Amino acid sequence: QVQLVESGGGLVQPGGSLRLSCTASGSINVMGWYRQAPGKERELVASITYVGGINTADSVKGRFTISRDNAKNTVYLQMNSLKPEDTAVYYCTAVGTYSRYWGQGTQVTVSA
């Protein structure tokens, strides 16, 4: 069982930046971030493999950057030029050989 601990959410004004962090309790191949806005389905934001292969949603390309530190089992999501439509609960996810794991979620609110 892999546990994920997230941090870094909060309230930010439009155009601002936030960085999310997620640390896993062990080494794992794929890590990433999903988000879920009120009344909407959970959607992929970005994912990254152990060797650095990246997949990013079109809606955040050019604004969000995913990275990871394998020595720390940690994945980061740098979010720049935030928009009100980025408001959501952001969930860290990790995919192992047989299972997918989820963090508890962290709220990101973009509002003036």
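So, start at R68: a polar atom of its side chain sits 2.8 Å from the backbone oxygen of I28. Keep in mind that this is a predicted model, so every distance I quote is computed from it.

R68 has a second polar partner as well, since its side chain and that of N70 make a polar contact of 2.7 Å. Now, where is R68? You'll find R68 in strand 7. And what about a salt bridge for R68? R68 is buried but has none, and the nearest side chain of opposite charge, D69, is 8.1 Å away.

Who else is around? Leaving aside residues up to four places away in sequence, R68 touches a whole list, including I28, N29, V30, Y50 and Y76.

Okay, let's zoom out to the strand. Strand 7 has an alternating pattern: F64, I66 and R68 are buried and point to one face, while T65, S67 and D69 point to the other face and are not buried. Which strand does strand 7 pair with here? Strand 8, through 6 bridges, with the two running antiparallel. One spot to look at is D69, which stands opposite T74 of strand 8. The two strands form a hairpin with 4 residues between them, and N73 in the turn has a positive phi of about 50°.

Right, on to the salt bridges. How many does a search of the whole structure find? It finds 4. Let me walk you through some of them.

R63 and D86 meet in a salt bridge, N to O, at 2.7 Å. That pair links distant parts of the chain: R63 is in the loop between strand 6 and strand 7, D86 is in the loop between strand 8 and strand 9, and they are 23 residues apart. Are R63 and D86 buried or exposed? Both are buried. There's a network here too, with R35, E43, R63 and D86 joined by salt bridges that share partners.

Within that network, the side chains of E43 and R35 meet at 2.8 Å, N to O. R35 counts as buried because its relative accessibility is 6%, and E43 is called partly exposed because its relative accessible area is 35%.

Then there's K61 with D58, a salt bridge at 3.2 Å, N to O. Both of those residues are exposed, whereas R63 and D86 are both buried.

So, if you open the structure yourself, try R68 and the backbone oxygen of I28, then go to the network of R35, E43, R63 and D86.

Notes:
Residues numbered from 1 in each chain as written. Predicted model: local features only at pLDDT ≥ 70, side-chain atom pairs only at ≥ 80, totals over all residues. Heavy atoms only, no water. Buried < 20%, exposed > 50% of the residue type's maximum accessible area, 1.4 Å probe, protein only. Pairing = 2+ DSSP bridges. Lys, Arg positive; Asp, Glu negative; His and termini not counted. Polar contact = N/O pair within 3.5 Å; in protein donor to acceptor, adjacent residues only side chain to side chain. Contact = heavy atoms within 4.5 Å.
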